[in-house]
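Colleague: I'm new to this one, so could you walk me through the inside of the protein?
Modeller: Gladly, let's put it on the screen and begin.

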Amino acid sequence: MATADQAFILVVEDDAQVRSLVCRIMAREDYDVSAVASAADARTAIKARSPDLILLDLGLPGGSGLDLSRWARSILPSVGIIIVTGKSDIGDRIIGLDSGADDYITKPFDTDELLARVRSLLRRLGSRAEAASPPRECLSVGEWGINPDLCALVHEKTVVKLTLMEFRLLTALAERPNRTATREWLLDRLKVDEDIGERMVDYHVHALRGKLRKCGIGDGVVASIRGVGYAFVPPPPE
C-alpha cells in the first residue's frame with residue numbers, strides 16, 4: 001500500500017459502476033476520495049475543497065471533460081489531473097494532455113497501472129511543492145548539520161557527502177525524531193516505486209550508517225524497529 005499522506009482525490013465519472021470501482025480502489029490505498037458524476041458537480045466540489053489530484057472522465061453530462069480540465073488547471077495550477085477515458089486514439093490523448101492533464105489512461109484500465117500512475121503523479125507534485133517551498137529549519141545529527149545545498153553532513157570545516165537517497169532518507173527520519181517510520185513510508189519519501197521492494201530502504205540505511213560512523217555517530221541514531229522500519233533517535237548532547 002502506498003503512503004498516501006491523506007492526499008485528496010476527486011473522481012469525476014458519470015458511469016456509476018466505474019465511479020464506485022475507482023473510489024474503492026483509492027480508498028483501499030488510504031487516499032481521501034470523493035466522487036461526482038457531472039461537470040457541474042465537479043466545479044462545485046472543486047470550489048468547495050481543492051483536490052490534490054483529479055481522476056477525470058471526458059464524456060460527462062453537463063459539460064466537456066476537456067473544458068473542465070482547462071478550467072481546473074486555470075484555478076488550481078498545481079493540481080494533478082489524470083484523464084481516465086474510453087477514448088484510446090492518439091489524437092484524443094494529445095488533446096487531453098494539451099487541455100492541461102498530466103497523464104492519460106484508457107478504459108478498461110488495469111488497477112495496478114492506475115495506482116502506479118496516481119502514485120507517480122503525487123510524487124511529482126510533491127517534488128514541485130518541495131522545490132517551491134521556503135527553506136526549512138536546519139536539521140542536525142548531534143553536532144553535524146544536514147546541509148541540503150551540499151547534500152552532506154557538515155561540522156565546522158569537515159564535509160561528509162551523502163548520496164541523494166541517503167540525504168532523503170536521513171532528512172525524512174530527522175524531521176520526525178523518536179517516531180517510527182515504516183519502510184513503506186520511507187520508500188515514498190525516497191520517491192521510488194514501492195514495487196522496487198522495501199529492501200531498497202534497508203540498503204540505503206546500511207550505507208547511511210556507514211557515513212554516520214565517519215562522523216563518529218553510532219548506528220543507534222538510525223534505530224531498527226523490528227518488522228516495521230526505522231526511527232531517528234537524536235544522540236545525547238555531549
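Colleague: Start with one residue, then: what does L170 touch?
Modeller: Keeping in mind that this is a predicted model, and leaving aside residues up to four places away in sequence, L170 touches V141, I146, L153, L162, L208 and F232.

Colleague: And which residues touch the most other members of the largest nonpolar core?
Modeller: That core has 28 residues, and the ones that touch the most other members are V141, L153, L170, L173, L186 and V222.

Colleague: Which elements supply at least two residues of it?
Modeller: There are helices and strands in that group, namely β7 (144–147), α6 (164–174), α7 (183–189), α8 (199–214) and β12 (229–232), and α6 gives the most, with six residues.

Colleague: How many residues are in the second, separate core?
Modeller: The second core has 21 residues, and I9, L53, I105 and V118 are included in it.

Colleague: Switching to empty space, how many cavities of 30 Å³ or more does the structure hold?
Modeller: It holds three of them, and the second largest cavity has a volume of about 50 Å³.

Colleague: What lines that second largest one?
Modeller: Its lining is made of V11, V12, E13, V18, V22, L55, L56, D57 and V84, with β1 (8–12), α1 (16–28) and β3 (53–56) being the elements that give two or more residues each.

Colleague: How does that lining split by class?
Modeller: The lining of the second largest cavity has seven nonpolar residues and two charged ones, with no polar residues.

How values were computed. Residues are numbered from 1 along each chain as its sequence is written. This is a predicted model: local features need pLDDT of at least 70, side-chain atom pairs count only at pLDDT 80 or more; totals for chains, interfaces and linings use all residues. Side-chain values use heavy atoms; hydrogens and water are left out. On a 1 Å grid over the protein atoms alone, a cavity is a set of points where a 1.4 Å probe fits but cannot get out, and a pocket is an open set with protein on both sides within 12 Å along at least five of seven lines; lining residues have an atom within 4 Å of a point. Grid points are joined across faces, edges and corners, and a volume is the space filled by probe spheres set on the points. Helices (H or I, at least four residues) and strands (E, at least two) are DSSP runs, numbered from the N terminus. Ala, Val, Leu, Ile, Met, Phe, Trp, Tyr, Cys and Pro count as nonpolar, Asp, Glu, Lys and Arg as charged, and the others, Gly among them, as polar. A nonpolar core is a set of buried Ala, Val, Leu, Ile, Met, Phe, Trp, Tyr and Cys residues joined through side-chain atoms within 4.5 Å. Buried means under 20% relative accessible area, exposed over 50%, partly exposed in between (1.4 Å probe, protein chains only). Contact means heavy atoms within 4.5 Å.
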